Amino acid sequence: MSRAKILGGAGDATEVREVQFGNPEDNLGLAADLWSQYLKQRESHQPISPQDVCIMMVLFKVARLAHGQASAMTPEQIESADETLIDIAGYAAIASELHNV
């Protein structure tokens, strides 16, 4: 695929995500706040583990949901929220498996 097609697709995707999940600055700002709080609870000398990545991805998805909620969601937004909840469940399941390894 050409760079132009990739960049065009990325532009389209970010516009769709903004409709689904709100302003990127607000959404990513909340994700950054959640990640910062999570990382503060860990011992600073430890490297980030695969399980930590799973938890941080759950927090990222939570930030998306928090900014994507609207009083009157369209069917597409509801479907997107459902997909995000499935992603959260998947990351949580992987984190659990990694914890028990």
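Ser-49 is located in the loop that lies between α2 and α3. In this predicted model, Ser-49 has a relative accessible area of 25% and is therefore classed as partly exposed, since that class covers values between 20% and 50%. The C-alpha atom of Ser-49 is separated by 32 Å from that of Leu-7, a residue 42 positions away along the chain.

The same loop between α2 and α3 also contains Ile-48. With a relative accessible area of 48%, Ile-48 is partly exposed, because a residue counts as exposed over 50%. Ile-48 joins Leu-39 and Val-53 in a nonpolar patch on the surface. Together, the three residues of this patch present about 230 Å² of accessible area. His-45 is likewise found in the loop between α2 and α3. The relative accessibility of His-45 is 61%, so His-45 counts as exposed. Between the C-alpha atoms of His-45 and Val-58 the distance is 23 Å, with 13 residues separating the pair in sequence.

The protein chain as a whole contains four helices and zero strands. Read from the N terminus, the order of elements is α-α-α-α. The C-alpha trace extends over about 40 × 40 × 25 Å along its principal axes. Of the 101 residues in the protein chain, 22% are buried. The mean pLDDT of the protein chain is 88, and 94% of the residues reach at least 70. Confidence is highest in helix α2 (residues 24-40), with a mean of 94, and lowest in α4, with a mean of 88.

Two salt bridges are present in the structure. One of them is formed by Arg-42 and Asp-52, whose closest N and O atoms are 2.9 Å apart. This pair links distant parts of the chain, since Arg-42 belongs to the loop between α2 and α3 (50-68) and Asp-52 to helix α3, with the two positions ten residues apart. Arg-42 has a relative accessible area of 16% and is therefore buried, the limit for this class being under 20%. Asp-52, at 8% relative accessibility, is also counted as buried.

A salt bridge is also formed between Asp-87 and Lys-61, where the closest N and O atoms lie 2.9 Å apart. Asp-87 is in helix α4 and Lys-61 is in helix α3, so this salt bridge ties together parts that are 26 residues apart in sequence. The relative accessibility of Asp-87 is 32%, and Asp-87 therefore counts as partly exposed. Lys-61, in contrast, has a relative accessibility of 9% and so counts as buried.

Helix α4 covers residues 75-99 and includes Glu-76. Glu-76 contributes to a negative surface patch, together with Glu-79, Asp-82 and Glu-83. At a relative accessibility of 56%, Glu-76 is counted as exposed. Gln-77 is also placed in helix α4. Unlike Glu-76, which is exposed, Gln-77 counts as buried because its relative accessibility is 12%. The C-alpha atoms of Gln-77 and Phe-21 are 8.5 Å apart in space, although the two residues are separated by 56 positions in sequence.

Asn-27 is part of helix α2. The relative accessibility of Asn-27 is 5%, so this residue counts as buried. The distance from the C-alpha atom of Asn-27 to that of Pro-50 is 23 Å, and 23 residues separate the pair along the chain.

Definitions and conventions
Residues numbered from 1 in each chain as written. Predicted model: local features only at pLDDT ≥ 70, side-chain atom pairs only at ≥ 80, totals over all residues. Heavy atoms only, no water. Patch = residues over 30% accessible without salt bridge, like charges linked within 9 Å, V, L, I, M, F, W, Y side chains within 5 Å. Areas by Shrake-Rupley, 256 points an atom, 1.4 Å probe, with all protein chains shown as cover. Salt bridge = Lys/Arg side-chain N within 4 Å of Asp/Glu carboxyl O. Lys, Arg positive; Asp, Glu negative; His and termini not counted. Charge placed at Lys NZ, Arg CZ, Asp CG, Glu CD. Buried < 20%, exposed > 50% of the residue type's maximum accessible area, 1.4 Å probe, protein only. pLDDT = per-residue confidence, 0-100.
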